[in-house]
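Hi everyone, thanks for making time for this. I'd like to walk you through one model, starting with a pocket and ending with a cavity.

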Amino acid sequence: MNAALLDIVDVVPYLLERDLIGARVVVDGGLKIVDMSRRNRVFVVTADDEPGFVVKQPVDADVAGVRHEAAVLERLRAADPRLAARLPVPVSYEPATGVLVLEAARDAQDLRDRHARGRFSRELAAQAGRALALLHATPPATLGDQATRWNASWGLQLHRPSLQAAHHMTGAASELVTMIQRSEELCAALDELHASRQDGAVIHGDLRWENVLTARADARGASSRRSRMLLVDLESAALGDPSLDLGTFLGEYLHAWLRSIPIVDPADPGRLLAHAGRPLARMRPAMSAFWLSYAHSSPAATPELGRVLRGAASWAAVRVLSSAFEDSLSRHELRGSAHVALQLGLNILQRPDEAIAHLLGIGTSCARR
């Protein structure tokens, strides 16, 4: 991609040139621009009583992710109006610049921020379960030429990092990978999960809390307090195992729990498990509501749902391990919680049924509609 990257000062001229906003909004419309860039340039533009926009552009020559997202959104929204209501609305995509413009949901907040207050809503979790069931029920043919297989390098390959990735690791990340590699049981469990994947459904592929938004139910009205759920950032959408999405979402609860445990002795990091600032008991009703809503909304037969739930527990373990690795990438010394994450991940992978009942708080009857 040879086009210049947009900076925050370029966003308004870009939208003006394409008649997406008017001059009046710029002058006296309460225009606000928030830079939310990470691996892509992302700017959220809002104004008083006017539609908002998300402007997204890849930062390097690899435009495949944003281009894929634009195409996937078009196909998924056309497939089912119920699913369309739970996905971002694309406004424009320019292949020459790689810029994707989406409608910004009014008063949107991702679940990571919602849960930062230590409250875990059963209703929001249930909405996420219903939205995910709709996505997984989409016929794979809907993706057309975008029907790629989900990239298994994430999570499942923590014990086999590429040479390039190893060169960019911090000391903490290298130590964590070494610890994983030294555990034959953990490596074997990750390999077994890789081999048992059933990549036959349309999945999100990266269902972390930050990619699940709550927004005002009516985009224009100011009085509504109801929330609607949106699944965003579909760059990783592909054909994959439904358990992966479910496990990623559930694993976020476990990660939040681990991060809230006070570690006073690195040699005994699990000593104060009972003193977690965000205890699992507070999260279990939401986790159960998420699964029950998904199971009730899914067209899958009961035996298949049982397999999906067990797989989800295993993928929750992968999310715990991946979260510990992501945290270590910004550190030179490994946190004590990383040791707990490794043991927890191994325990779940080896005994998923026990994890479902005792960690996630999902009864065996919850697998039935």
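**Pocket, hairpin, cavity**

Let's start with the second largest pocket, whose lining is made up of 18 nonpolar, five polar and 16 charged residues. Here Ala, Val, Leu, Ile, Met, Phe, Trp, Tyr, Cys and Pro count as nonpolar, Asp, Glu, Lys and Arg as charged, and the others, Gly among them, as polar. Before going on: this is a predicted model, where local features need pLDDT of at least 70, side-chain atom pairs count only at pLDDT 80 or more, and totals for chains, interfaces and linings use all residues. Residues are numbered from 1 along each chain as its sequence is written, and side-chain values use heavy atoms, with hydrogens and water left out.

Back to that pocket. It holds about 1000 Å³ of space, and of its 39 lining residues, M36, V44, V54, A108 and L213 are the closest to the centre. Two or more lining residues come from each of β2, β3 (50-58), β5 (99-104), β6 (109-110), α5 (111-115) and β9 (227-231). For the grid people: on a 1 Å grid over the protein atoms alone, a pocket is an open set of points with protein on both sides within 12 Å along at least five of seven lines, a cavity is a set where a 1.4 Å probe fits but cannot get out, and lining residues have an atom within 4 Å of a point. Points are joined across faces, edges and corners, and a volume is the space filled by probe spheres set on them. Elements are DSSP runs numbered from the N terminus: helices (H or I, at least four residues) and strands (E, at least two).

Which residue in β2 is the bridge partner of V34? That is V44, which we just met close to the pocket centre. Strands β1 (residues 32-35) and β2 (residues 40-47) run antiparallel, joined by four bridges, and DSSP must find at least two for strands to pair. Together β1 and β2 form a hairpin, with four residues between them.

Now the cavity. The whole structure has one of 30 Å³ or more, with a volume of about 90 Å³. Its lining includes H255, R259, D327 and R335. Helix α12 (302-328) gives the most, four residues.

Finally, confidence: mean pLDDT (the predictor's confidence in each residue, from 0 to 100) is 89, and 91% of residues reach 70 or more. Over residues 219-223, though, pLDDT is below 50. Where pLDDT is low, please don't read the predicted coordinates in detail.

Definitions and conventions:
Contact = heavy atoms within 4.5 Å.
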